[in-house]
Amino acid sequence: MSDWSGQVAIVGAYEHPARKTPGLHPFQIQADCVLRALEDAGLTLDDVDGFATAASEVPEGGSTMSAVEVAEWLGIKPTYLDSTDNGGAAPLSQLGHAAAAIAAGQAEVVVISYAATTYSQAVNIGTGDPTTGVAGPGQFELPYGFTLVGAYALAAQRHMAEFGTTPEQLAEIAVTCRSHASHNPHARFRDPITVDDVVASPVIASPLHRYDCCVVTDGGGAIVVTSAARARNCRKQPIHVLGFGEAVGQVQMNQMDRFTATPGTVSGPRAFAHAGLTPDRIDTAQVYDSFTITALMILEDLGFCTKGEGGAFVSDGRIAVGGDLPINTDGGGLSSNHPGRRGIFTIIESVRQLRGEPLGLQVPDCEIALAHGSGGALSTAATLILSK
Amino acid sequence: MTETSETYLKPLPATDVLTAPYWEAAASGRLLIQRCAACQRFQFYPRAHCSACGAGDPTWEEASGRGVVHTFTVIHRNGSPGFAEEVPYVFAIVELEEGPRMTANVIGVDPDDVRVDMPVQVTFIRVSDGIGIPQFTRAD
């Protein structure tokens, strides 16, 4: 799989600045983001021959043929199509698939796009509406009051029991993200918070508090990817895709192999092997932070520290800008935005950091970035390693 | 076994040919899990094949009903009918003595007293002739 490492590049990226877009259909947010990402690349809709999105959830438009329907809205007829739907990791998986397709000559310019109006539609994604029905495997979970926050709380509880991880250590992640968000003019929440604020906020599903949970916003973003050869003629500095890995775990919580790890234990090593790099080479990691425990376990799973050491790793400023491994420099899902499949923003923020075009803080000497998406209830993972 | 009132608001399993025996057994106070005749592994939830080795036709066996809380959470927010009225409640993953893990509530215990690895014993909420909901309570 190492054949295309470095031969494909991101040439355009755009994140919708609004966090609340009442009345706007999510397809139009996608269209606005695609057009601006193409402008960023110095390309037009006429250049696009590949398209990827996932829009099956209600606040995304509830589309049963996501990529086809949004392509129609855009006004394009792509010959490469991908609606991979693995939750929040989808945009990263779609970028990995697109890179392979471009390297194989099956597509030339692929756009990966996402949007949802979860805030405006008041969709209860964390503490109510289940993700699967009571038919099939869901019938063994939903009668018991499954919630998405609860699913991640199961992992946090087990992590605390096995490794002695504390609520205060989890809170460090929320505090750091908020600190980064305070510099991002578009972030949903920008007022600094403390560890005490996090652990004193209401318990949603023990041991997770409100501030351990991501924000709920509207929003969207888009990425343009093409061959490294064509990227040289684009408007901005190309950001090369060095490595990609994806992995699948489970959907039902009673099928989890191990509650203290995510499928990132598989996607991470695959991405590093593909790139021919090790975790110590990463200058910044944009990791999925649906909840504080998500980010903590991902950092362990990707090999930035050993399993069980995540609590100590995220303390003492190590994950803040200025520390050894700055994460979620835009404020992440915990403070900046989370319309749904937040993976798209982990890619976009990586691009901004590598280009030196931050919304807020800039990681100094940023040469290699890692973006990592997670989806469902600790269900999926996708990892990308990107460089100038 | 606890009988429910007519105002059971929580979602009920949409049973099918594979799962009806499980829910019917629970209505009469028995916890059934499948076992593969080829590789001897137990599996939860039921399928018509063994998810470990692929062999067909796993057989039903009655489980001991004993297990431990592998992990749990006390849910304080759930806006769904039946649960909005019940918070805080314990949503748990129970590891059965036979090996498989299943989802359940731990009931009859103060949520603050539930711990990881706490021994538990199955109990049943009978909803109808065809459906009983296995639940767990602290083992003596």
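Select Thr217(A) to begin: this residue is buried, because its relative accessible area is 0%, under the 20% limit for that class. The model on the screen is a predicted one. Thr217(A) sits in the loop between β6 (208-209) and β7 (218-227) of chain A.

**Around Thr217(A)**

Display the side chain of Thr217(A) and follow it to the backbone nitrogen of His338(A), which it reaches at 3.0 Å. Next, show the residues in contact with Thr217(A), leaving aside its neighbours within four places in sequence. Arg19(A), Thr118(A), Tyr119(A) and Arg188(A) belong to this set, and so do Ser336(A), Asn337(A), His338(A) and Pro339(A).

**Salt bridges of helix α12**

Over all chains, a search of the whole structure finds 26 salt bridges. Select Arg352(A) and Glu15(A), a pair whose closest N and O atoms are 2.9 Å apart in a salt bridge. Arg352(A) belongs to helix α12 (residues 343-355) of chain A and Glu15(A) to strand β1 (residues 8-15) of chain A, so the pair ties together parts that are 337 residues apart in sequence. Are these two residues, Arg352(A) and Glu15(A), buried or exposed? Both are buried.

Now move along to Arg355(A) and add Asp40(A) to the selection; they form a salt bridge with the closest N and O atoms 2.8 Å apart. Arg355(A) is in helix α12 of chain A and Asp40(A) is in helix α1 (residues 26-41) of chain A, so this pair ties together parts that are 315 residues apart in sequence. Arg355(A) has a relative accessible area of 12% and is therefore buried. Asp40(A) also counts as buried, at 9% relative accessibility.

Return to Arg352(A) and bring in Asp330(A): their side chains meet in a salt bridge at 4.0 Å, N to O. Here helix α12 of chain A, which holds Arg352(A), is tied to the loop between α10 (310-313) and α11 (332-335) of chain A, which holds Asp330(A); the two parts are 22 residues apart in sequence. Both Arg352(A) and Asp330(A) are buried.

To view the wider setting, select Glu15(A), Arg19(A), Asp330(A), Arg342(A), Glu349(A) and Arg352(A) together, since salt bridges link them in a network. Arg19(A) has already appeared on this tour, as one of the residues in contact with Thr217(A).

**Between chain A and chain B**

Colour the two chains separately and turn to the place where they touch. The size of an interface is often given as the accessible area lost when the parts come together. Chain A and chain B bury about 3,000 Å² between them, with 58% of it on carbon and sulfur atoms. To this contact chain A gives 35 residues and chain B gives 40 residues.

How many salt bridges are counted between chain A and chain B? The count is 1. To find a salt bridge here, select Arg158(A) and Asp117(B), whose closest N and O atoms are 3.5 Å apart. Across the interface there are also 23 residue pairs in polar contact, with both residues at pLDDT 80 or more.

Finally, highlight α4 (148-163) and β5 (203-205) of chain A, the elements that give two or more residues to the side of chain A that touches chain B. The largest share of that side, 6 residues, comes from α4(A). Coloured by class, the side of chain A that touches chain B shows 18 nonpolar, 12 polar and 5 charged residues.

Terms used: Residues numbered from 1 in each chain as written. Chains lettered and ligands numbered in written order. Predicted model: local features only at pLDDT ≥ 70, side-chain atom pairs only at ≥ 80, totals over all residues. Heavy atoms only, no water. Helix = DSSP H or I, 4+ residues; strand = E, 2+ residues; numbered from the N terminus. Buried < 20%, exposed > 50% of the residue type's maximum accessible area, 1.4 Å probe, protein only. Polar contact = N/O pair within 3.5 Å; in protein donor to acceptor, adjacent residues only side chain to side chain. Contact = heavy atoms within 4.5 Å. Buried area = accessible area lost by both parts, 1.4 Å probe. Nonpolar A, V, L, I, M, F, W, Y, C, P; charged D, E, K, R; others polar.
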